[in-house]
Amino acid sequence: MSRSLYWKITVPFTLLVLVGLGVLGSFMATSARHAQLQSLRSHLANEARLVADASLPGLTTPDSRGALDALAKKTGREIDARVTIIARGGAVLGDTQEDPSSMEDHSSRPEVMQALASGEGQSTRYSTTIRQDMMYVAVPITSQGELIGVARVALPATAVKSYVNSAVFTTASTMAVAGLLVILAAALIGRMITRPLKQMTRAAQGIASGQLEQQIQVRTGDELGQLARAFNEMSLSLKKSMAAVSAEKTRLATVLSSMTDGVIITDSEGQVLLANSAAEHYFAFKEARAIGKPLIEVVHDHEVDEAVKGCLKTAREQTGQIDVNGRFLRVVAVRFESGKSPGALALFQDLTEMRSLQTMRREFVGNVSHELRTPLTGMKAIVETLQDGAINDGKVATDFLRKLDTEVDAMTQMVTELLELSRIEGGRAKLKSEPVDLNLLMEEAVARLSPQAERAQVSLAVERSSELPLVPADRERIRQVIANLVHNAIKFTPAGGKVTVEARSENSAVVTRVSDTGIGIPREDLPHVFERFYKADKSRSSGGTGLGLAIAKHTVQAHGGNIWVESEEGKGSTFSFSLPLGPH
Ligand code: ADP
């Protein structure tokens, strides 16, 4: 408290003024005391002169001397003082308080001696007559230039003191009131000065704690008012710059968080300063826990750590490729200068999909080559056999030519299906959507395939649904899908088995099911049957291309529907696909 500006201003100011008032007060009290005494003395001298005038007749007429005592007593009572009339020789002729005859000679009293010598005498001393301190003033009594006695007026010292003290008391109380006013004024001035300072302190504390809306009311135009105004301007501009910084930060954060590439920024020591959500996702960490930690502890990958350290050391861009948490990432680390020390920025591009596409393309080319080489090898063998002379044997030649024709058909079929698949996958196959009755489509497909079912001795049945809504679909393509599923079902069902086709309306879609009592599909193959060139039983020559289900899947998906399979090895399979009723 004592250290506050308020006390620093008020205490010295008050002390200074109080000391000044004290000095002035004591000086004034002394002067007042002196003046009071002076005025009392001259007052008593006047009274004494009046007594001298009044006692003249008594003194000049010898017979009336007895009247002087009465005059002294009467006048003393009137002026409330002790009056003594003394003869030239010193004998007391009249006294207010005592009997003059019992009083001693007064010629040696200092005031009497002075009065006789210089015309007026005064003294303050102990009175042996009435036994108390008294203040005496004496004047000579003259008659026609001749000194005939002395008139003396006296007051008790206590009365003189109280008279003089009243003046000193007035001075002292005036000083005390002035002192109090000074203390009050000092308190007010101190408060006036410190209040805006306190306000500013509070406002500055508010700003420090993040509340930038601080404004101080400016009441004066003095230095404090100017300071308050400057503070308000500073607070406003601080708020503006903070808003700009935070807008910039938000923009940067939005950019970083919406980036699919991972970003990690480190300081010159390789400690993480910032990481975006993509980086969090790739390396499975939480940014809040990663800040301030060494990079290696966050990403747990030496190649990344080396790349960042390398770019910090050499200032050259470092690149690399890493496999992390099932992803294939390209790493680019660059050094940047920030302030005094450099920092590093590591960028992670997810190339997983690109790599799997490349793998798929490689596998696809391999598969196509393999699928084409088999019939081509057969065809080459036939051609060679024919060249070796079989061409001359009409029956054998016809047989070989038929085989050649079958192989060419199979290859044509595969190429057609590949083209179809690539068109649907690339979204280039335009769907001719029209309301389609699936009951009718099932029957058409089944009718086309019943000769084949008969040959395989598999019974083929359609279960019509009575209230089946029409579905918006490309009639020809969906017929192709159903035919494909039924064809597969017949193909993978041994003689005596059964294939059933049905369609049901379920949850705003129509679901078509093709069930068979065939060989089924091994559990581990189920997730792959819709992949191109996938054949569950590779040893078994089904005569298929492995493209049928892939085409079916893409066709159904292009209609906004789904296709799935449930199967148990040895018991049979059910392939189902749904087509939404609404527009897709
Ligand atoms: P494919 O031309 O070989 O029939 P698909 O794409 O139509 O090609 O079928 C892929 C594989 O799925 C088949 O080779 C077969 O192993 C399996 N498959 C398809 N339908 C059935 C079914 N109804 N029963 C058992 N296996 C099937």
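Strand S15 pairs with strand S17 (residues 572–580) in the antiparallel sense, and seven bridges join the two. Within this pairing, Ala-509 has Pro-580 of S17 as its bridge partner. The model described here is a predicted one.

On its other pairing, S15 meets strand S14 (residues 498–506), again in the antiparallel sense, this time over eight bridges. Val-501 is found opposite Val-514 of S15. The link between S14 and S15 is a hairpin with two residues between the strands. A detail worth a look in the turn is Asn-507, whose phi is positive, at about 40°. How much of S15 (residues 509–516) is buried? Seven of its eight residues are, so the strand is largely enclosed by the rest of the structure. As a reminder for anyone following the strands by eye, side chains in a regular strand alternate between the two faces of the sheet.

Attention now turns to a pair of helices. Such packed pairs are described by the angle between the axes and the distance between them. The axes of helix H1 (residues 5–60) and helix H2 (residues 66–79) come within 10 Å, with a crossing angle of roughly 155°. Angles over 145 degrees count as roughly antiparallel, and H1 and H2 are therefore roughly antiparallel to each other. The crossing of H1 past H2 is right-handed. On the H1 side, the contact is made by Glu-47, Val-51, Ala-54, Ser-55, Gly-58 and Leu-59, while H2 brings Leu-68, Leu-71, Thr-75 and Ile-79. Sorted by class, the residues in this contact are six nonpolar, three polar and one charged.

Thr-75 of helix H2 makes a handy place to pause. Is Thr-75 buried or exposed? With a relative accessibility of 15%, Thr-75 counts as buried, because the limit for that class is under 20%. Once neighbours within four places in sequence are set aside, Thr-75 is in contact with Val-51 and Val-83. Val-51 is also one of the H1 residues that make the contact with H2.

A last stop is Asp-409, which is found in helix H11 (residues 394–425). Asp-409 has a relative accessible area of 46% and is thus partly exposed, a class that lies between the 20% and 50% limits. Measuring from C-alpha to C-alpha in the model, Asp-409 and Ala-284 are 53 Å apart in space, and 125 residues separate them in sequence.

Conventions. Residues numbered from 1 in each chain as written. Predicted model: local features only at pLDDT ≥ 70, side-chain atom pairs only at ≥ 80, totals over all residues. Heavy atoms only, no water. Axes fitted to C-alpha atoms, helices over the stretch in contact; angles between N-to-C directions. Helix = DSSP H or I, 4+ residues; strand = E, 2+ residues; numbered from the N terminus. Parallel < 35°, antiparallel > 145°, perpendicular 65-115°, else oblique. Left-handed = near helix turned anticlockwise from the far one by under 90°. Contact = heavy atoms within 4.5 Å. Nonpolar A, V, L, I, M, F, W, Y, C, P; charged D, E, K, R; others polar. Buried < 20%, exposed > 50% of the residue type's maximum accessible area, 1.4 Å probe, protein only. Pairing = 2+ DSSP bridges.
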